[in-house]
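Open the model in a viewer and keep the sequence panel visible. The stops below are given as selections, each followed by what is found there.

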Amino acid sequence: MSYLQQRYPDFANPELLEKIPLAASTVLDVGCAQGALGANYLRRNPRALVLGIERNEAAAAIARQRLRDVYCGDVEATPMPFDLPGGIDCIIYGDVLEHLVDPWRLVIEQAKYLAPQGTVLVCMPNVEHWSLAARLLAGQFDYETQGLLDRAHLRWFTPRMMGQALTAAGLELADVAPRPTETGEARRFVAALTPGLRALGLDPEEYYRRAAPLQFIWRARRAAPARLEVNATMLAPLGGVSDVRVTLPLRALRSDSATYTQIQDEADLTPHLPDAPRIAVLHRPLLLGEPGLARLRTLLRQDYVVVSEFDDHPLFMRERGVDLDALLTFRAVHAVQTSTPALAEILRPENPELGVFPNAVFELPLTRNFRDPDRMTLFFGALNRGADWAPLMPVLNEVAGAVGARLQFHVLHDEAFFQALDTPHKKFDPITDYAGYLRMLGTAEIAFMPLADTPFNRAKSDLKFIEAAAARVSALASDVVYAGTIRDGQTGVIFRDATELRAGLLRLLADPEAMRNMAEAARLYVAEERMLAYQVSARSSWYRSLWARRDELNAALRARVPALFE
């Protein structure tokens, strides 16, 4: 292992990455090493200006290829080498302050450059870690090349000491959390010390909480922000809908230290921040009759603003025997959030309080396709699309027969589609979780997206396109829904019938380089326009506005559904 690899491992701390505010415009990584953390953040927020400070020239040279700009030098001598009149939204100290002569002064100096709502993140080794106590008890204190006893460490901190340092810099403490670590040895060590701890008047469990974590992450703000609590229910994950509409948006929101989010069963929904605005998001709830009213009354008694999250045409419920006239899902809640303007207009007669948040990508995946120009894979992974693909199957089989092994098929979940393919060059996988689906999609070059022209389909979103585009996979899509987003021939290929499907597929196969360029353009579109990072502020503002108008919303709710208040 080279010195650079040993001292500056090319690694992005995942817990630290999760805490960088997703909506940050400007991020400064102090001690950025080779820029891995900033590079990973840019896959989540490509619009951000991510800067680094690094004293090792070899590491800084690599970081410059990943970040917007990197200053190589002594940060204590030059605390702010960049001209940032708009301030910094997030300053990151990832295992760096312990290497400095006067870290307290540096934090004070750099905190002056924070934007009004700016955040400071500190990941710090914990000098209270049990392993250090064990070594001292054994008479050992030998420096090492890495870890707690890194010979380059000049300063030592407990979480309490770091909190004091941040407060001294004029910052408001937000939270502190341990990084995950194996705890079995810590438990055994504390158990062995328990008699002595008790003799000293120390609570063994409290000591364990301090001694088990190897590292802690602090979040602090320039000013204490108003808190917001968003609790949500979620249907069992199937096809990615739960991830895209609930899990990932809440993950994006809680990157802001002002926002607390949690996914719970509806029966367990309980506010955790007594004085904060509280929103209950119900994911595709089926609310009918008195049982539905009773569920909503429980939430209203806890002073929740109740939002129904729904991203499909309600016609599908009628097809499953639900009486839409008796449905309370939309009219008996304070507000409804959905994914498309078309769907919003369908739901508006039931409830005029609507928030439209288009489906978006949390993170651009690393690209893994276009490895072999002589073999292209067409991916199909969708639920309940039999009526959409069946009229087009003869064309797929015709092209597959004509090009042979050049066109491979990868089918996820739909066994009927797989069986209908008349080619030996095909692979089938059963349904998987959303991460697995995205991994499979990312190995293909073409994503097949058929939608017949029906009222139900016209209300759908372009999610399949943005998922494929994010992974640099070329879209071969129907005009229904997708023509509103895809620029035909530039960010994908649109077909209106079987004849256009044949021409479009053959065109893609004939010129892999042009196909790849098209896929790159689509990925750029997603990076510029369709990231969840760009919705965080809008979602938070909408929830806060609902809370601010809750008296008005309650009056409107009482007028729509008087029985709810009986």
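Start with Asn 384, which is exposed because its relative accessible area is 69%. This is a predicted model. Asn 384 belongs to the loop that links strand 14 (376–381) and helix 14 (386–389). Check its backbone: phi is near 55°, a positive value in a residue that is not glycine.

**A second positive phi**

Now select Ala 33, another residue other than glycine with a positive phi, near 55°. The loop here runs between strand 1 (26–30) and helix 3 (36–42). Is Ala 33 buried or exposed? Its relative accessible area is 15%, so Ala 33 counts as buried.

**The seven-stranded sheet**

Display the open sheet with strand order 3-2-1-4-5-7-6; its pairing is mixed. Which strands stand at the edges? They are strand 3 (69–72) and strand 6 (172–178); each has a single partner strand, so one side of each lacks a neighbour in the sheet. On average, neighbouring strands in this sheet are turned by 15° against each other, with direction ignored.

Go to the strand 6 edge. Strand 6 runs antiparallel to strand 7 (residues 215–221), and six bridges join the two. To find the register, pick Glu 172, which stands opposite Arg 221 in strand 7. Then add helix 7 (residues 159–168), which lies across strand 5 (114–125), strand 6 and strand 7. The angle between helix 7 and strand 7 is about 20°.

At the strand 3 edge, select helix 4 (residues 57–64). Helix 4 lies across strand 2 (49–54) and strand 3, and runs at about 170° to strand 3.

Within this sheet, centre on Gly 94, a residue of strand 4 (residues 88–94). With a relative accessible area of 22%, Gly 94 is partly exposed. What does Gly 94 touch, apart from residues up to four places away in sequence? The contacts are Leu 16, Val 30 and Cys 123. For a distance check, draw a line from the C-alpha of Gly 94 to that of Ile 217: the two residues are 123 apart in sequence and 8.8 Å apart in space.

**A nonpolar surface patch**

Switch to a surface view and select Leu 136, Phe 141 and Tyr 143. These residues form a nonpolar patch on the surface, and together they have about 300 Å² of accessible area. Leu 136 is part of helix 6 (residues 130–137). It counts as exposed because its relative accessibility is 51%, and the cut-off for exposed is over 50%.

**The six-stranded sheet**

Next, display the open sheet with the order 9-8-10-11-12-13, in which six strands pair in parallel. Strand 9 (259–263) and strand 13 (354–356) are its edge strands, each pairing on one side only. Neighbouring strands here are turned by 20° against each other on average, again ignoring direction.

At the strand 9 edge, five bridges pair strand 8 (residues 228–232) with strand 9 in the parallel sense. Use Asn 231 as the marker; it stands opposite Gln 262 in strand 9. Add helix 10 (residues 241–253), which lies across strand 8, strand 9, strand 10 (278–283), strand 11 (305–309) and strand 12 (335–338). Helix 10 runs at about 150° to strand 9.

Move along to strand 12. Strand 11 and strand 12 run parallel and are joined by three bridges; strand 12 and strand 13 also run parallel, with three bridges between them. Val 336 can be used to follow both pairings: Ser 308 stands opposite Val 336, and Val 336 stands opposite Leu 354 in strand 13. Show the side chains of strand 12: Ala 335 and Gln 337 point one way, Val 336 and Thr 338 point the other way, and all are buried.

**Last stop: Phe 357**

Continue to Phe 357, in the loop between strand 13 and strand 14. At 6% relative accessibility, Phe 357 counts as buried. Which residues are in contact with Phe 357, leaving aside neighbours within four places in sequence? They are Arg 245, Gln 337, Thr 338, Ser 339, Gln 535, Ala 538, Arg 539 and Trp 542. To finish, set a C-alpha to C-alpha distance from Phe 357 to Gln 65: the value is 33 Å, for a pair 292 residues apart in sequence.

Conventions:
Residues numbered from 1 in each chain as written. Predicted model: local features only at pLDDT ≥ 70, side-chain atom pairs only at ≥ 80, totals over all residues. Heavy atoms only, no water. Pairing = 2+ DSSP bridges. Helix = DSSP H or I, 4+ residues; strand = E, 2+ residues; numbered from the N terminus. Axes fitted to C-alpha atoms, helices over the stretch in contact; angles between N-to-C directions. Contact = heavy atoms within 4.5 Å. Patch = residues over 30% accessible without salt bridge, like charges linked within 9 Å, V, L, I, M, F, W, Y side chains within 5 Å. Areas by Shrake-Rupley, 256 points an atom, 1.4 Å probe, with all protein chains shown as cover. Salt bridge = Lys/Arg side-chain N within 4 Å of Asp/Glu carboxyl O. Buried < 20%, exposed > 50% of the residue type's maximum accessible area, 1.4 Å probe, protein only.
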